[in-house]
Amino acid sequence: MNWPPMLMHVKIQNEKTRFGLWLPLFLLLPLALVVLIILSPLILIAIIILWACGYGRWVWWALRCLKVAIVSSWAIRGLRVDVQGHNGVVQVSVI
Amino acid sequence: MSENKKKILEMLAAGKISAEEALKLLNAVDAGEGAQEKTRRVESDTKVKPKYLRVTVTPGEGHVDPEHADRVNVRVPMSLIRAGLKLTSLIPPDALDKANNALREKGINFDVRNIKPEDLEELIAALGDMEVDIEGGRGEKVKVFVE
């Protein structure tokens, strides 16, 4: 089973700035789910109205985009970007 | 249809062998092809699936200031590449036409719409054998590989 990403670490460092952030994705994902559940009746109404107005193709496209976005966010676990130059460092890692 | 099966049918049509003999021969050919397919499947199953695509850039040994040299270390999960490739299905048809035309202008006669999920799997599996190793003029090393 593929687990969703739990933590995201972003670090940007140069001569002037020093920025580091640990993002607890394991807290954001349930929050996003709750928001989605709360908004689902409105989304459903919007889908029905748009479909009835002849924008069904766009609704279908938006739903597919949503699916790809969810799949991509699930698959991001394990991503690591570490770029070090003479001016600074950028690090992004998803755990 | 395989070459062997074609030959058997030609022999049957020419009256060199009877229908029963042809049936026996066809069964024998089928059994042989089945065994070959099974062996091929076992071989591909035992091959370790690549998990990450890695890109690294490291400075050369003779670099004047190794601590401040440019370094890149990128690890991209294969699942993310797979998901990214599926994004092609979301590209509007007009944009796809433009992409295809641009490819054709560069001499690549390829239709992006022809990419199927099974092709993607084959492509990702083939990445397992890929390894790019480049050494620059100042000694810096660029490596692209899967692990």
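**Strand pairing across the chains**

I began with β3(A) and strand β2 (residues 71-77) of chain B, which run antiparallel and are joined by 5 bridges. Strands here are DSSP runs of E with at least two residues, helices are runs of H or I with at least four residues, and both are numbered from the N terminus. I took two strands as paired if DSSP finds at least two bridges between them. In β2(B), B:Val72 is the residue opposite A:Val83.

I note that this is a predicted model, in which local features need pLDDT of at least 70 and side-chain atom pairs count only at pLDDT 80 or more, while totals for chains, interfaces and linings use all residues. Residues are numbered from 1 along each chain as its sequence is written, and chains are lettered from A and ligands numbered from 1 in the order in which they are written.

**The sheet**

I then followed the strands outward. They form an open sheet of 8 strands with antiparallel pairing, in the order β2(A)-β1(A)-β4(A)-β3(A)-β2(B)-β1(B)-β4(B)-β3(B). Its edge strands are β2 (18-24) of chain A and β3 (131-135) of chain B, each pairing on one side only. With direction ignored, neighbouring strands of this sheet are turned by 5° against each other on average.

Within chain B, I looked up strand β1 (residues 52-58) and strand β4 (residues 141-146), which pair in the antiparallel sense over 6 bridges. B:Leu53 faces B:Val146 of β4(B) in this ladder, standing opposite it. On β3(B), 5 bridges lead to β4(B), and the two strands run antiparallel. There B:Asp133 stands opposite B:Lys143. The hairpin of β3(B) and β4(B) has 5 residues between the strands, and B:Gly139 takes a positive phi near 95°.

I checked burial of β3(B): the number buried is 0 of its 5 residues, so β3(B) lies largely in the open. Buried means that 20 or more other C-beta atoms lie within 10 Å of the residue's own, exposed means 12 or fewer, and partly exposed is in between, with C-beta atoms placed from the backbone.

**The side of chain A**

I listed the contact between the chains next: chain A gives 19 residues and chain B gives 17 residues. Residues are in contact if their C-beta atoms, placed from the backbone, lie within 7 Å. On the side of chain A that touches chain B, α2 (56-75) and β3 (80-84) each supply at least two residues. The largest share, 7 residues, comes from α2(A).

**The helix pair**

I followed α2(A) to helix α3 (residues 78-86) of chain B. Their axes come within 8 Å and cross at roughly 165°, which makes α2(A) roughly antiparallel to α3(B). Axes are lines fitted to C-alpha atoms, for helices over the stretch in contact, and angles run from 0 to 180 degrees between N-to-C directions. Angles over 145 degrees count as roughly antiparallel, under 35 as roughly parallel, 65 to 115 as roughly perpendicular and the rest as oblique. A:Val68, A:Val71, A:Ser72 and A:Ala75 of α2(A) make the contact with B:Ser79, B:Leu80, B:Ala83, B:Gly84 and B:Lys86 of α3(B).

**Chain A as a whole**

I counted 2 helices and 4 strands in chain A, running β-β-α-α-β-β from the N terminus on. Helix α1 (residues 25-52) of chain A lies across β1 (7-14) and β2 of chain A, at about 55° to β2(A). Of the 95 residues in chain A, 2% are buried.

Methods: Two residues are in contact if their C-beta atoms, placed from the backbone, lie within 7 Å.
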